[in-house]
Amino acid sequence: MKDVAASAGVALKTVSRVVNGERGVNAVTAERVRSAIERLGYRRDESARGLRGGRTSSVGLVIEDVADPFYSGVSRAVEDVALGYGSLLLSGSSGEDPRRERELVLTFCSRRVDGLIIVPAGADHEYLRPELDAGTPAVFADRPGGVEADTVICDNAGGAYSGVAHLIRYGHRRVAFIGDSASIFTAAERLRGYRRALAEAG
């Protein structure tokens, strides 16, 4: 900023006002500052700016696996919304490993993300309590977490139930269930819906 101010022949505060879109700088001077910024290739230090304001304009997302089409879709949707609010998305894959999930979440917290979205890999989230108590917002997605926080989940049991009930209505009697480990919340819920539909049909 000092180089820009010297090149434009203005005070450092004038450069700051132009960079931050503040009023109080006449149009000719502002254009001179913008020209110096362009000529010198100046870029505002967003990290320093965020630290001064107590925000980093970033969101941490922990998903199961970015290669999974479901989670890549979740990641893209979160990124689109974050960008709409001027925030950067930091993301990582836990690979269904609770230790990896914890490492990623705490790494994001050490970078002072403004919020977290976590697809839980495990049931114990006590490690999050200090972050939540410090005011870091967190949302669990796709599965409930092990501490109280906002949670967004699909109706896995209802979806499986509807699908199986539909097949039964059309006369199918030998309906198989292929799913993941029952220790995974979503898989257990789908199995529950499947079994409920079969039981109700006798």
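Start by selecting Thr 14, Val 15, Val 18 and Val 19 in α2, which meet Thr 29, Ala 30, Val 33, Arg 34 and Ile 37 in α3; contact here means heavy atoms within 4.5 Å. By class, that patch has six nonpolar, two polar and one charged residues (Ala, Val, Leu, Ile, Met, Phe, Trp, Tyr, Cys and Pro count as nonpolar, Asp, Glu, Lys and Arg as charged, and the others, Gly among them, as polar).

A word on what you have open: this is a predicted model, where local features need pLDDT of at least 70 and side-chain atom pairs count only at pLDDT 80 or more, while totals for chains, interfaces and linings use all residues. Residues are numbered from 1 along each chain as its sequence is written, and side-chain values use heavy atoms, with hydrogens and water left out.

Now show α2 (residues 12–19) and α3 (residues 27–40) whole: they pack at about 85°, axes 10 Å apart. That makes α2 roughly perpendicular to α3 (65 to 115 degrees).

Next, pick Asp 114, in the loop between α6 (98–110) and β3 (115–118). Its side chain reaches the backbone nitrogen of Thr 56 at 3.0 Å. Leaving aside residues up to four places away in sequence, Asp 114 touches Arg 55, Thr 56, Ser 57, Ser 58 and Pro 137.

Last stop: α9 (residues 185–200). Color its buried residues (under 20% relative accessible area, 1.4 Å probe, protein chains only): Thr 186, Ala 187, Glu 189, Leu 191, Gly 193, Tyr 194 and Ala 197. They pack against α8 (156–169). Just past α9 sits Gly 202, with a positive phi near 75°.

Note on methods
Helix = DSSP H or I, 4+ residues; strand = E, 2+ residues; numbered from the N terminus. Polar contact = N/O pair within 3.5 Å; in protein donor to acceptor, adjacent residues only side chain to side chain. Axes fitted to C-alpha atoms, helices over the stretch in contact; angles between N-to-C directions. Parallel < 35°, antiparallel > 145°, perpendicular 65-115°, else oblique. Buried < 20%, exposed > 50% of the residue type's maximum accessible area, 1.4 Å probe, protein only.
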